[in-house]
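Please find below a colleague's note on this structure, set out as numbered points. It is offered for reading beside the sequence and the coordinates.

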Amino acid sequence: MRAKLLQPDWPTVPVARVYGRLTRVNGLVLEAVGCQLGMGDRCQIEGREGRLIEAEVVGFNKDVLCLMPIESTHGVMPGARVIPITEPQKLMIGDGLLGRVLDGLGQPLDLLGKLTGVQQQTPSNSSYNPLLRQPISQALDVGIRAINSLLPIGRGQRLGLFAGSGVGKSMLLGMMTRFTEADVVVVGLIGERGREVREFIEQTLGEEGRKRAVVIAAPADTTPLMRLRAMVLSHEIACGFRDQGKQVLLLVDSLTRYAQAQREIALSLGEPPATKGYPPSAFAKLPHLVEMAGNGQHPQGTLTAFYTVLTEGDDQQDPVADAARAILDGHVVLSRKLAEQGHFPAIDINASVSRLATQIASQDNLSQSHVVRHLLSRYNEVRELLPLGGYQAGHDQEMDLAVRHYRDIAAFLRQHMNENISREASLTQLAQLMEVMGYEPQAVN
């Protein structure tokens, strides 16, 4: 018999760990050499006293990597080690997220301890096949009369909330958070003032609203990359609940701050500005982000999204607003003139539109909505003449009707911030308004 060879007990040699070195800090961008990383890969930079700062690869120039830190780089020194992160990024999904406040990395901010009742899963970064999406066929009750009756919204729709500063944007967003019929509400507070985070949680959401909500906060004092991460995380969490078959409402404040964060990164990398200081990459990322929302493949799960868009100086042709209008399924415009008159919510019905209204609303509802829009338009034609006595009744019956019943229409569009009006009640009150005016919807072409 052949003698059995004995394998010697050699010691295990540890695998060498490759790391790079930090060579330069150029504004917001850190430059490193010596490690092989691709676009979007993560790494850690050693700081003083062993502090590790996470960063992400956002570009490269030959063999020099351009890194964007996710937190403050205070204490980083020349030649600091750059250690690649090989573990894939994980996403926490589960009912344990409800009632919690997270940062852009998914870490708790609410001092309530570690996350429990959640499961790890790998986020999907691939594009979703549009033919696998469930169609939008059900109306969504948001509890706001003007929207329920005149701007009907479907489950799975993505809309923009266009507003300048101080016209009631946050108030309207809070009303939607409390009143909308949804199993889970995911709120992304991106790039806003830090004090607004606690105010939104305690005052807007309240104790009851918080039980079904997940809040992802990245205030204005965080790094641009943290704001981008928080925006993507809010979408990934919403999509995770949607794929479990739940009715999800995603509220993002704001889409403009996301574009501004991308602008900061792109300009730091040397990308030339194209439109009012925004480089092309700022607009290229918007469609990919918005397409994450909407309905998925699950037959019961839906994801409806509202994005606030800041219109600087109430300019509806702001580049971000113009780009968002093209990729969203409708927009709700808030008017400063109405807000100054004490009209809340200050929704400009004639400037707002829901692109799916014809698919989810009845023909009677569409006709009645057309009547209100038409009469508001006719009234606005003579609004400035009324205080001067420049309008004489009796020449145009339709104009007379618009002037006579404007107060009734304005009262219908007003709503107290604590008043919840269901979709059914909104349609009933709209029909009653038509009876008061004695106006036939068929008269408007």
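1. Arg325 has a relative accessibility of 17% and therefore counts as buried, the cut-off being under 20%. This residue belongs to a predicted model, as does every other residue discussed here. The partner of Arg325 in a salt bridge is Asp322, with 3.3 Å between the closest N and O atoms. Asp322 is partly exposed, at a relative accessible area of 39%. The two residues are three apart in helix H7 (residues 319-327), so about one helical turn separates them.

2. Helix H7 merits a closer description. Its buried residues are Pro319, Val320, Ala321, Ala324 and Arg325. The buried residues of H7 pack against two helices, H5 (255-268) and H6 (280-290), and against strands E12 (158-163), E16 (302-310) and E17 (330-333). At the N-terminal end, H7 is capped by Asp318, which places a side-chain oxygen 3.1 Å from the backbone nitrogen of Val320.

3. A second salt bridge joins Glu398 and Arg378, whose closest N and O atoms are 2.8 Å apart. Glu398 lies in helix H11 (residues 397-404) and Arg378 in helix H10 (residues 363-382), so this pair ties together parts that are 20 residues apart in sequence. Glu398 is partly exposed, with a relative accessible area of 22%, whereas Arg378 is buried at 14%.

4. Asp110 and Arg100 also form a salt bridge through their side chains, at 2.8 Å from N to O. This pair links distant parts of the chain, 10 residues apart: Asp110 is in the loop between strand E8 (101-102) and strand E9 (119-121), and Arg100 is in the loop between strand E7 (91-93) and E8. Both Asp110 and Arg100 are buried.

5. The pairs above are among the 24 salt bridges that the structure holds. Some residues are joined in a network of such bridges, namely Arg42, Glu54, Glu56 and Arg229. As a general matter, side chains of opposite charge can pair when their charged atoms come close.

6. Which side chain of opposite charge is nearest to Asp141? It is that of Arg423, 7.2 Å away; Asp141 is buried yet has no salt bridge. A salt bridge requires the nitrogen to be within 4 Å of the carboxyl oxygen. Asp141 sits in the loop between strand E10 (139-140) and helix H1 (145-150). A polar atom of the Asp141 side chain lies 3.0 Å from the backbone nitrogen of Gly143, and the side chains of Asp141 and Asn148 are joined by a polar contact of 2.9 Å. Leaving aside neighbours within four places in sequence, the residues in contact with Asp141 include Phe179, Thr180, Glu181, Ile421 and Ser422.

7. The strand architecture includes a closed barrel of six strands in the order E1-E2-E5-E4-E3-E6, with antiparallel pairing. From one strand to the next, the twist averages 45°. Within the barrel, strand E1 (residues 20-26) pairs with strand E2 (residues 29-33) in the antiparallel sense over five bridges. Arg24 has Glu31 in E2 as its bridge partner.

8. Finally, helix H4 (residues 224-242) lies across strands E3 (42-46), E4 (52-61) and E5 (64-69). The helix runs at about 95° to E4.

Key:
Residues are numbered from 1 along each chain as its sequence is written. This is a predicted model: local features need pLDDT of at least 70, side-chain atom pairs count only at pLDDT 80 or more; totals for chains, interfaces and linings use all residues. Side-chain values use heavy atoms; hydrogens and water are left out. Helices (H or I, at least four residues) and strands (E, at least two) are DSSP runs, numbered from the N terminus. Buried means under 20% relative accessible area, exposed over 50%, partly exposed in between (1.4 Å probe, protein chains only). Contact means heavy atoms within 4.5 Å. A polar contact is a pair of N or O atoms within 3.5 Å; within protein, one must be able to donate a hydrogen and the other to accept it, and residues adjacent in sequence count only if both atoms are side-chain atoms. Lys and Arg count as positive and Asp and Glu as negative; His and the chain ends are not counted. Two strands pair if DSSP finds at least two bridges between them. Axes are lines fitted to C-alpha atoms, for helices over the stretch in contact, and angles run from 0 to 180 degrees between N-to-C directions.
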